[in-house]
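Visitor: Please take me through this structure, and for each term tell me on what grounds it is applied.

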Amino acid sequence: MSEERYVSRVCENEAVWDMLLESAEAVSSSETEEETENLAGDLFLETLLSVGVSPHERYVREIIERVLLADDSLSSIEIQRAVDYLLSQMIVKPKGVLAERLALSFCRKHLDSKLQKPSSSCVKLARYCRSPQMSRAGDSHCAGRWAQAADILFLSSSLDYQHECEQGNAVPDSRMRESDIVVVGLAEVKSYRHTTRKKLAQQVDHHLLRLMHGLRVYGRRGKEIEAEYLSEHIWFMVSNGGKKSVLNASDIVSETALKEDQGLPSCLASFDRVTIGPAPNKRFLFDYSLQLTESELEDIGIAIAFYTIGCYADQPNIDLPGWEWSDNLRKVFACKVETLSSSQVRRRDKLLGHLYE
């Protein structure tokens, strides 16, 4: 089965593959069609893998496996945990990850519009960038603890910035080194519309605050560190009287008492921040709208969750045919779970719809 057919079958939406291709073209340096298609497949695989249970959630995975086997020894609390996971994390996570990957094409176009010669510029997903975590008080970073820097970062090299300076479009800074990195902007991506511009701004500011203390850039698989930058080697591009200029992160940290609850210093007011969310953008909540609605993203998340449950059932320790594990899952959903939210009830009903197909 081709990757295109595979993606369309799992998502139950034929348009997703074309969108993934657009995103792959936006971040790929390759000119061959095959490599671009492979990257689009990787972007979708990352979406699928986001449903996987991390080590600290292994207990939940074991419960789900027992659910599929119709284990009579399951307690009401264990059933509650399984249902909560099936109707929340297993759906919310993949649709959020997919939204970030579909946003890459918008980010590439936006970045290219900011730079005259973006030869070394790139858009980086959250899984490829880390910045230091902040303390609970929000006034210092936690040494040795790194978290995702932002949903998407717009990065450029010092050489590209120097080219901008030579063209008269930017103000040079003699302290900038060839190995330094320029943060042109960042994007916050949402798979839902239930938020406000104020909340979005606060999240973006929090990402920026952490970036002041360092940045790690990872390779394509998100495991090996390609580069690590201390504050003195990180520059933020801002607008200065119609021209671009840069601010050094270490200068901002030393000159400003940075605290999470106090927002960012005024010198970063013109730093480029982009918000992207599902269509339609009726309240102009986001700067860009994805090609999918919130409802379409939700349906894709449910379809991926259903596919993942089937993969669980195919494991050697379960190895049940579809009709059998479907019946076992129905029994769990038929249990009286008191704490389901309205959105979980809708997801449960749609998942049951998949079971009866």
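Guide: Leu-20, leaving aside neighbours within four places in sequence, is in contact with Val-7, Ala-40, Leu-43, Phe-44, Leu-98 and Leu-102, where contact means heavy atoms within 4.5 Å. This is a predicted model, in which local features need pLDDT of at least 70 and side-chain atom pairs count only at pLDDT 80 or more, while totals for chains, interfaces and linings use all residues. Residues are numbered from 1 along each chain as its sequence is written, and side-chain values use heavy atoms, with hydrogens and water left out.

Visitor: What makes a set of residues a nonpolar core, and which residues have the most contacts inside the largest one?

Guide: A nonpolar core is a set of buried Ala, Val, Leu, Ile, Met, Phe, Trp, Tyr and Cys residues joined through side-chain atoms within 4.5 Å, and buried means under 20% relative accessible area, with exposed over 50% and partly exposed in between (1.4 Å probe, protein chains only). The largest has 76 residues, and those with the most contacts inside it are Leu-20, Met-90, Ile-152, Phe-154, Ile-276 and Leu-329. Helix α11 gives the most to this core, with eight residues; helices (H or I, at least four residues) and strands (E, at least two) are DSSP runs numbered from the N terminus. Apart from this core lies another of 24 residues, among them Cys-129, Ile-181, Phe-236 and Ala-249.

Visitor: Why is Cys-165 called buried, and why is Cys-122 called partly exposed?

Guide: Cys-165 has 17% relative accessibility, which is under the 20% limit, and therefore counts as buried. Cys-122 has a relative accessible area of 23%, which lies between the limits of 20% and 50%, so Cys-122 is partly exposed.

Visitor: How do you know that Cys-122 does not form a disulfide with the closest cysteine?

Guide: A disulfide is taken to be a pair of cysteine sulfur atoms within 2.5 Å. The sulfur of Cys-122 is 7.5 Å from the closest cysteine sulfur, in Cys-129, and is therefore too far for a bond. The structure as a whole holds zero disulfides.

Visitor: What makes one empty space a cavity and another a pocket?

Guide: On a 1 Å grid over the protein atoms alone, a cavity is a set of points where a 1.4 Å probe fits but cannot get out, whereas a pocket is an open set with protein on both sides within 12 Å along at least five of seven lines; lining residues have an atom within 4 Å of a point. Grid points are joined across faces, edges and corners, and a volume is the space filled by probe spheres set on the points. By this rule the count comes to one cavity of 30 Å³ or more, with a volume of about 40 Å³. Met-19, Glu-22, Ser-23, Leu-102, Ser-105, Phe-106, Leu-290 and Gln-291 line this cavity, and α2 gives the most to the lining, with three residues.

Visitor: Which residues lie nearest the centre of the largest pocket, and how does its lining divide by class?

Guide: The largest pocket, with about 1000 Å³ of space, is lined by 44 residues, of which Ser-50, Lys-93, Gly-96, Val-97 and Glu-100 lie nearest its centre. Helix α6 supplies the largest share of this lining, nine residues. The classes are eleven nonpolar, 13 polar and 20 charged, where Ala, Val, Leu, Ile, Met, Phe, Trp, Tyr, Cys and Pro count as nonpolar, Asp, Glu, Lys and Arg as charged, and the others, Gly among them, as polar.
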